[in-house]
Amino acid sequence: MTAVAHVAPPRSLTTAIHHTFRLMQRSVLGRLRQPAALAPSFIFPLFFAALGSASFQRMSKLPDFPATSFLNYTAAGAIVQGVLFAATSSAGDLATDIEQGFFERLLVSPVTRTAIVIGRLGSAMVVAVAQVFVFLGIFMAFGARIETGIVGFIGLTVSGALLALTMSGLMSGIAIRSGSPEVVQGSFPMVFALLFLSSSFFPRQYMTGWYKTVASWNPMSHVVEGMQGFMNQPLDVDMFLRAWLIPLGISIVSIMFGLRALSNRLAAQ
Amino acid sequence: MTSAPIIARGLVRHFGSGDNTVRAVDGVDLQVNQGEIFGFLGPNGAGKSTTVRVLTTLLKPSAGSATVAGFDVASQADQVRRSIGVALQDAAIDPLMTGRELLDLQSVLYGIPRDRAQKRGEELLERVGLTAAADRRVGTYSGGMRRRLDLALSLVHEPSVLFLDEPTTGLDPMSRLTLWEEVRRLNREGTTVLLTTQYLEEADQLADRIAIIDHGKIVREGVPRDLKSAVGAPTLLIDVDASHTETARSVLARFGDLRPTSEGTLGVGLTQGAEAVAGVIRSLDEAGVHVRHLELNEPSLDDVFAEATGYRLEGAESKAEAPPAGGRRGPR
């Protein structure tokens with residue numbers, strides 16, 4: 001060794017993209033190498049879907065039911081559950097990095113700081129896309145159909161990725177602020193409550209009272225209904241507006257929250 | 001590089017505010033010269049790691065200034081990061097990745113071209129004896145292997161200055177010796193090393209110069225041999241029955257300065273040298289003190305530490321422990 005410092009090229013957009021991609025790759029690998037941590041994001045939504053299909057199959061015969069079968073109805077909700085679950089776990093990994101010191105290993109290197117967060121968000125999106133493929137494959141194997149065909153398939157995939165972006169941005173912010181995987185996991189029930197207070201499991205037209213009011217104001221209902229539209233109805237613009245634009249809009253806020261949390265953490269040091 | 005690779009002037013880092021303020025680093029002046037192994041010695045909570053975290057840009061100084069590799073740690077943090085290698089305490093390495101993957105990632109973060117990174121990665125794996133384990137996940141590595149990988153990761157970009165924060169804490173004696181040898185080898189090749197440790201032997205064996213830090217302040221600095229010589233007389237340690245402690249203390253005081261020791265032991269710096277031992281024994285016997293154990297020690301770094309701080313380093317925990325910084329762990 002010559003003991004002369006290797007001077008890396010100055011930071012540029014290319015460098016930032018490269019750092020982001022490699023950190024995203026690391027996060028995805030980390031997810032894949034923890035099957036026990038990834039499994040619940042598949043098992044629980046499928047369990048709820050199986051339970052719902054077995055219990056409420058005859059609900060699809062009710063007037064105005066928005067799907068040809070309960071299985072077709074519940075697919076979107078299952079995807080949303082799975083994606084939110086996995087995105088939370090991904091943010092939990094970020095908190096683990098902070099807790100165990102890997103985050104500091106990154107900070108002591110000339111890594112582009114935003115790549116630490118954006119790479120994590122990117123990995124959540126990649127996992128979400130894979131989840132949509134797996135969920136749709138399983139649902140279709142049991143008789144579900146995507147009424148809007150390939151366009152609907154793409155619609156559902158993009159929507160799943162955007163939801164993952166939204167959730168992981170929010171949870172990454174919590175991870176960076178707290179530095180605790182337990183706090184991240186502890187925040188998830190609030191999201192789950194949001195899911196239960198939406199039309200993920202039952203159509204809004206069958207709800208009554210405060211439950212219906214809350215579900216109608218809940219943006220999650222509109223995202224899920226947009227995704228249900230891809231599964232069950234003829235293609236129209238409303239599906240894209242609800243399944244894409246709502247999560248896209250919220251994701252901008254949640255990404256800013258995540259990056260602000262990073263900026264605050266760095267400033268506090 | 002014309003100036004010293006590491007210079008700190010009046011470096012301060014405090015945590016908290018108001019009545020809860022803890023000055024973890026309290027006016028540290030430091031200069032580490034080109035090609036030195038510099039040992040930073042002190043107990044847990046003395047301020048060693050906090051100083052290293054400031055010098056490696058992980059923490060901003062509250063006051064004072066520091067340059068590393070010629071760059072200011074506060075205003076030129078990015079240049080500092082490109083010039084230094086850092087192996088932090090606990091070898092925080094992703095257990096889910098393999099050694100080779102981590103080296104590859106590290107190379108990307110430092111902007112090393114792919115072909116060069118591969119060659120460098122192989123060199124480093126061989127150097128730290130991890131070639132055979134390179135494709136195994138780090139979670140399966142032993143503590144010593146993790147430390148060696150940590151060292152390899154810190155060397156990917158051929159830094160001119162290397163920070164090792166308690167690199168051998170928790171390692172078995174064989175792993176410790178292996179790591180020491182690697183540090184010496186790096187130093188022979190021209191790398192300046194700042195090493196924090198709470199092990200006296202480590203500082204004594206490795207460091208060209210040391211600084212002793214206690215309660216955030218440097219209390220002694222110099223070449224280990226000179227520091228030990230300055231302490232002067234050899235130390236006589238004796239164990240006596242608890243009922244004879246006070247009598248023994250008054251007898252010992254006639255032969256030199258009483259020195260801080262661990263509980264249950266009395267120590268005296270023999271101003272007339274080792275020749276005075278026979279006289280001490282005779283006097284204790286005449287005073288009716290039964291000596292259970294006796295030991296004569298040449299001055300050690302622990303004596304230097306004790307002389308400077310009033311307590312022994314071994315088993316010591318400084319009272320300057322700072323509160324946790326962020327979500328991870330408190331500075332040391």
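Start with residues 318-332 of chain B. This is a predicted model, and pLDDT stays under 50 over that whole stretch. The model still has 52 contacts beyond four places in sequence for residues 318-332. How should we treat them? Where pLDDT is low, the predicted coordinates should not be read in detail. So I leave that stretch alone, following the general rule.

Now chain B overall. Its mean pLDDT is 88. Of its residues, 93% reach 70 or more. For the model, ipTM is 0.85 and pTM is 0.82.

Next, the contact between the chains. Chain A puts in 36 residues, chain B 33. On the chain B side, two helices each supply at least two residues: α2, 77-83, and α3, 99-109. Which element gives the most on that side? That is α2(B), with 4 residues. By class, the chain B side that touches chain A splits into 14 nonpolar, 10 polar and 9 charged residues.

On to the cores. The largest nonpolar core has 147 residues. Who touches the most other members? In chain A, I79, A87, A128 and A164; in chain B, L149, A152 and L195. Helix α4 of chain A, residues 70-100, brings the largest share of this core, 17 residues. There is also a second, separate core of 14 residues. Among its members are A248(B), L252(B), L266(B) and L270(B).

Last stop, L195(B). Set aside its neighbours within four places in sequence. What does L195(B) contact then? One run is I37(B), F38(B), G39(B) and F40(B). Further along the chain, the list adds L164(B), P167(B), V183(B), L206(B) and A207(B).

Notes: Residues are numbered from 1 along each chain as its sequence is written. Chains are lettered from A and ligands numbered from 1 in the order in which they are written. This is a predicted model: local features need pLDDT of at least 70, side-chain atom pairs count only at pLDDT 80 or more; totals for chains, interfaces and linings use all residues. A nonpolar core is a set of buried Ala, Val, Leu, Ile, Met, Phe, Trp, Tyr and Cys residues joined through C-beta atoms within 7 Å. A residue is buried if 20 or more other C-beta atoms lie within 10 Å of its own, exposed if 12 or fewer, and partly exposed in between; C-beta atoms are placed from the backbone. Two residues are in contact if their C-beta atoms, placed from the backbone, lie within 7 Å. Ala, Val, Leu, Ile, Met, Phe, Trp, Tyr, Cys and Pro count as nonpolar, Asp, Glu, Lys and Arg as charged, and the others, Gly among them, as polar. pLDDT is the predictor's confidence in each residue, from 0 to 100.
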